[in-house]
Amino acid sequence: MNTEPEASFEGWDPRPVDGATLAEVVEHAFDYRGDITLRLDDGRQIDGYLFNRDRDVAEPFVQVFERGEAAPLTIPYARIRAIRFTGKDTAAGNSYAAWLRLRQAAKAASGG
Amino acid sequence: MSVPISQMWTVAAYVLGQKIRKRMRYPLVLMLEPLFRCNLACAGCGKIQYPAHILKKDLSVEQCLAAVDECGAPMVSIPGGEPLMYPEIGRLARELVARRKYVYLCTNAILLKQKLEEGVFTPSKYLSFSVHMDGLREEHDEAVCREGVFDQAVAGIREALRRGFRVTTNSTLFDGVNPVQMQMFFDEMMDLGVEGMMLSPGYSYSKAPDQEHFLRRQKTNEIFSKMLSNPKRRWKFNQSPLFLQFLMGKWDFECTPWGMPAYNIFGWQRPCYLLQEGYAPSFKALMETTRWERYGHRSGNEKCKDCMVHCGYEATAVNATFASWKGLTAAARATLTGRL
């Protein structure tokens, strides 16, 4: 069983973001189970969860649920200047091995 | 097999209707996820790893019903997340029953007894609680990463049955499962009085904590063959017999990911309930713009290589039942004799 901590993008701050690199970073952001921060061409910063992207359309876009907002934002790739992985990676650090260790420790503590 | 005649008839008529219209791709079950939050954090589940503000979001009942109407599938499965934590689950169930959809409310049953006592649900032939049970007490509590859940689920099942509800179980099997213990589990569920059981091998979610215990194809065939090759007459399964035979290695099916499309707060999930490769804004867009040839066992896609999960193959099995005499007679024989 693998007990090594899995790699996470948490805290990643890649820059500059443009061209092929932007598409690559967007893919990582799409796969990331934590919030990200987008900086747009007008200087605006958006904190939220990037849940969708489509680069197979005429104007590639990402979709983000901004923290505290009900409706998602759709943002063209062309407006994105930076993507930072600012939120906690909710898929990291809770491995099955860690759970087994906790469970065994709890059983030992209760004399089970 | 334990699917009620009226439900079998509805599904048969629907599938034959699709064939008459020569529709190559059609939905059979809508996987409707009104929320992602759950009161468990099972090791094999990759559905709940989201930031808190996402876990707090719900689909509205109106969004759910619009998805149901657009999709048109005769059955709706409500997984999640834990659907009994959805504030409007009673209203959603009533609306779906009124639309004569066969609803499988997939729950860990921790809250089931409480919700029944509160009068949230009314018994109906269209509504079934599909209780998550991954084995006997020790195996189940280990799978859901919390002790005591098996007993809570059993209490919920008993209460639901006492009140006249349809109750089925759904079990996800992982590597290391003991076929003999699973057979004991089947006996125990039948003793409880559930209508039928559903089985599926687990899927290796990339975000699930447990990546070590998912079944590969050959192992799946071996385990299901051991479990089901000599089934007791009293074991009832609430799923296609051809799907169970596929898990035993008796059929070579290809995945039909469009057969059980998934809708949640992000939209229509591409390509299936398990893989998250993007979202379409409508069911029509999902069906027309997803590049289906990239998915399935024969596609060469690594993510699909070992998958034999019900949401990809149960619809295939149902389609195969009505695609040839061989399929129809095999399903009829299994239904009548209980032999797989």
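This is a walk through a predicted model with chains A and B, starting with chain A and then moving into chain B.

A little bookkeeping comes before the tour. Residues are numbered from 1 along each chain as its sequence is written, while chains are lettered from A and ligands numbered from 1 in the order in which they are written. Since the model is predicted, local features need pLDDT of at least 70 and side-chain atom pairs count only at pLDDT 80 or more, whereas totals for chains, interfaces and linings use all residues.

Let's begin with chain A. It has two helices and five strands, where helices (H or I, at least four residues) and strands (E, at least two) are DSSP runs, numbered from the N terminus. Reading from the N terminus, the order is α-β-β-β-β-β-α. Of its 112 residues, 27% are buried, meaning that 20 or more other C-beta atoms lie within 10 Å of a residue's own; 12 or fewer makes a residue exposed, anything in between is partly exposed, and the C-beta atoms are placed from the backbone.

The five strands make an open antiparallel sheet in the order 4-3-2-1-5. Strand 4 (73-76) and strand 5 (80-84) of chain A sit at the edges, each pairing on one side only; a pair here takes at least two DSSP bridges between the strands. From one strand to the next the twist averages 45°, with axes taken as lines fitted to C-alpha atoms (for helices, over the stretch in contact) and angles running from 0 to 180 degrees between N-to-C directions. Further in, strand 2 (residues 45-54) and strand 3 of chain A pair in the antiparallel sense over six bridges, and one of the bridge partners is A:Val64 in strand 3, matched with A:Leu50.

How far can you trust all this? Chain A averages a pLDDT of 83, and 74% of the residues score at least 70; pLDDT is the predictor's confidence in each residue, from 0 to 100. Among the elements of chain A, strand 3 (residues 61-66) has the highest mean, 98, and helix 2 (residues 96-109) the lowest, 63. Residues 1-5 of chain A stay under 50, and the model gives them five contacts beyond four places in sequence. A contact means C-beta atoms, placed from the backbone, within 7 Å. Where pLDDT is low, the predicted coordinates should not be read in detail.

Now over to chain B, and to helix 4 (residues 89-98), whose buried residues are B:Ile89, B:Leu92, B:Ala93 and B:Leu96. Looking down the axis of helix 4 of chain B, these fall within an arc of 100°, so they line one face of the helix; the arc is that of the directions from the helix axis to the C-beta atoms. The spacing fits a general rule: an α-helix has 3.6 residues a turn, so residues three or four places apart point the same way. The buried residues of helix 4 of chain B pack against helix 3 (61-71), strand 2 (75-78), strand 3 (102-107) and strand 4 (127-132) of chain B.

Step off the end of that helix and the backbone does something less common. Most residues other than glycine have a negative phi, and most peptide bonds are trans. B:Arg100, in the loop between helix 4 and strand 3 of chain B, has a positive phi of about 60° although it is not a glycine. B:Arg100 is exposed, with 12 other C-beta atoms within 10 Å. B:Ala109 also has a positive phi, near 70°, and lies in the loop between strand 3 and helix 5 (112-117) of chain B. Unlike an exposed residue, B:Ala109 counts as buried, with 27 C-beta neighbours inside 10 Å.

Two cis peptide bonds are worth a look too. The bond from B:Gly80 to B:Gly81 is cis, with omega near 10°, and B:Gly81 is in the loop between strand 2 and helix 4 of chain B. The bond from B:Arg270 to B:Pro271 is cis as well, with omega near -15°; B:Pro271 belongs to strand 8 (residues 267-271) of chain B.

Last stop: the largest nonpolar core. Such a core is a set of buried Ala, Val, Leu, Ile, Met, Phe, Trp, Tyr and Cys residues joined through C-beta atoms within 7 Å. Of its 121 residues, B:Leu30, B:Leu32, B:Val76 and B:Val103 touch the most other members. Helix 12 (residues 310-321) of chain B gives this core its largest share, six residues.

Methods:
Contact = placed C-beta atoms within 7 Å.
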